[in-house]
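Work through the following exercises with the sequence and the model side by side. Each exercise sets a task and is followed by a solution that proceeds step by step.

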Amino acid sequence: MYTVTVNPHRKIGCIDQKIYGHFTEHAFQNIYQGMYAPDHPLADVTGLRKDVVDALKEVRVPVLRYPGGNFVSNYHWEDGIGSQNGRKRRFDYAWETVEDNQFGTNEFMQLCRATGAEPYLCCNMGTGTIRDAMNWVEYCNSNRDTYYASLRRENGFEEPFGVKYWGLGNECYAPWQMGGMNASDYAKHAMEFGKAIRFADPNAYLVACGFESDPAWNIEVLGVLKDMVNSISIHHYSIDWGCFNLHDYHQLMSISEFVNEMIKSLRAAIEGVTGDIYHPMKIALDEWNMFGWVNERVDDNSFYTLENAMVTASVLNTLIRNCNVVEMANYSVFVNINGTIQADCRGIVLRPQYYVFKLYTHHMGNVLVDSDVISEQFETNMPIDRRVFADYFNEAAVEKGGRLRSGVEKSARRSIKYLDSVSTIDETRDELSVALINKHPEKNVECTVDIIGSREVKNAQVHSIWSAKLNDCNTAEKQSVILETSEPICRNGKFTLELPRHSISVLKLTY
Ligand code: AHR
């Protein structure tokens, strides 16, 4: 009943490794005490925690978005450079805390160098000016004998940092954002910021701020920016916005389908505005997580369970399926809060979702190939995203449960396969990988993987994440949800796998 038929000869698209990226923001203990803790026994000379840097390297972090998030909309990058003794203390109005600016652009670049991540900087389009943005680009990327480039050299960085990715503001549509604005104002501002950034560095790759729940915003903004930007971003936090019911397992297992809908909607806007279905313009899901930061127990390891890992893996499957248009994604965040690892003065805990990133970055290939999945399915009510509402900050309207703008009273019902699978190849290594998520909460299933035109296999392994209970988690005392390796059974050229209930596996074949 559970079968995956893979056609490794039908290539669908190239998978950009940046979909396994992360996000890091000056907030709570993500940076301070998380990544950067000069007083920690494991800190290196630059103040970075070696255990955290090693964890980032181990998941082969391709890209890191910085410095926010909401924080960036009142962040002045010049506060965070130069001698650390002289750096200004500022009040951070986004997270209501004092920011002492000990970590700034230079320290972030050291983090990127130490981990091998590509930096992705987001500009302050709230209280920042076009000039600030240009100066930041000059500081990072210029080789000239000019003020900001020389300042970088004086600070000990002779060579330019070479920052390619630049974000044009964070969630600029939002009432909670410093300097939030409407689509037409945003488009005008972003055009000028973009122009200025490109004056400072013609090779800058620009990411516009999209709005995950409002196609009208995306269409208006892209109408103005389509010849300027390379990509447009959206964000997704499933629980933060109250659109998913934490206690409804089946609905949680539909989160990836919801993310797929968001991508489809943005894709349609791009195609409509650019008239190009081959997508030179890409999508960046540059913040995402099953949990936002407003939940109780957000820092509590027992909250990050196998169930969370399953949602994380199925979102990665969705991103892989959309590889022709999604070029980057940034899990929000890497350390502490709702992140992949928890770090305190005692050490680090690798949460279940950490192993998902490790599984995918180590074992999935870089080309999506065709596959067909036969599976039992479940039915669920798709959630309603609060931010879909025309007046999405109007609680009363949200309570009524209707989509005010479209007039649809109830959310859609969907049939979703228990088996969520994507297949990839890596041509250089001659490998085929099949990701298999068994979303069934109770049933272990026997799954057959049939490969069209199969060849003799040199090595076959199954890498899996599983634990007996959906709410199993990892703590300093006990790692229950980890990555394990076994061997599959091969009969008549077909592989048979026992997929335990609520498990994530990758079948990897090397030829
Ligand atoms: O929860 C993190 C915050 O969520 C980010 O700062 C912001 O971009 C988003 O709204």
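A residue is called buried if its relative accessible area is under 20%, exposed if it is over 50%, and partly exposed in between, with a 1.4 Å probe and protein chains only. Helices (H or I, at least four residues) and strands (E, at least two) are DSSP runs numbered from the N terminus. This is a predicted model, in which local features need pLDDT of at least 70 and side-chain atom pairs count only at pLDDT 80 or more, while totals for chains, interfaces and linings use all residues. Residues are numbered from 1 along each chain as its sequence is written, and side-chain values use heavy atoms, with hydrogens and water left out.

**Exercise 1. A strand and its cover**

Task: Determine how many residues of strand β24 (residues 503–510) are buried, and find which strands pair with β24.

Solution. Begin with the accessibility of the strand: 8 of the 8 residues of β24 are buried, so the strand is largely enclosed by the rest of the structure. Next, separate the two faces: S503, S505, L507 and L509 lie on one side, I504, V506, K508 and T510 lie on the other, and both sides are covered. Then turn to the pairing, for which DSSP must find at least two bridges between two strands. Strand β18 (residues 431–438) runs antiparallel to β24 and is joined to it by 8 bridges, with N438 having S503 as its bridge partner. Strand β20 (residues 459–466) is also antiparallel to β24, over 7 bridges, and here H463 stands opposite V506.

**Exercise 2. The open sheet**

Task: Write down the strand order of the open sheet of 10 strands and name its edge strands.

Solution. Reading across the sheet gives β21-β20-β24-β18-β17-β14-β1-β19-β23-β22, and the pairing is mixed. The edge strands are β21 (482–486) and β22 (489–491), each of which pairs on one side only. Neighbouring strands of this sheet are turned by 25 degrees against each other on average, direction ignored; the axes are lines fitted to C-alpha atoms, for helices over the stretch in contact, and angles run from 0 to 180 degrees between N-to-C directions. As one pair within the sheet, take β19 (residues 445–451) and β23 (residues 494–499), which are antiparallel over 5 bridges, and in which C447 stands opposite L497.

**Exercise 3. The barrel**

Task: Trace the order in which 8 strands close into a barrel, and follow the pairing of β2 with β11 and with β3.

Solution. The order is β2-β3-β6-β7-β8-β9-β10-β11, with parallel pairing. Strand β2 (residues 21–23) is joined to β11 (residues 326–332) by 3 parallel bridges, and G21 has N330 as its partner there. Strand β2 is likewise parallel to β3, through 2 bridges, where F23 is partnered by R65. Finally, inspect the side chains of β3 (residues 63–66): V63 and R65 point one way, L64 and Y66 point the other way, and all are buried.

**Exercise 4. The ligand shell**

Task: List the residues around the ligand and identify polar contacts to its oxygen atoms.

Solution. A residue is taken as near a molecule or strand if one of its heavy atoms lies within 4 Å of it. The shell consists of E25, G69, N70, W95, N170, E171, W176, H235, Y237, E287 and W293. A polar contact is a pair of N or O atoms within 3.5 Å. A polar side-chain atom of E287 lies 2.7 Å from a ligand oxygen, a backbone N or O atom of N70 lies 2.8 Å from a ligand oxygen, and a polar side-chain atom of N170 lies 3.0 Å from a ligand oxygen. The protein covers 97% of the 280 Å² of accessible area that the ligand has on its own, areas that come from the Shrake-Rupley method with a 1.4 Å probe.

**Exercise 5. Unusual backbone geometry**

Task: Locate the cis peptide bond between G68 and G69, and decide whether H502 is buried or exposed.

Solution. Most residues other than glycine have a negative phi, and most peptide bonds are trans. The bond joining G68 and G69 is cis, with omega about 20 degrees, and G69 is found in the loop between β3 and β4 (90–92). H502, in the loop between β23 and β24, has a positive phi near 35 degrees, and because its relative accessibility is 2%, H502 counts as buried.

Note on methods
Polar contact = N/O pair within 3.5 Å; in protein donor to acceptor, adjacent residues only side chain to side chain.
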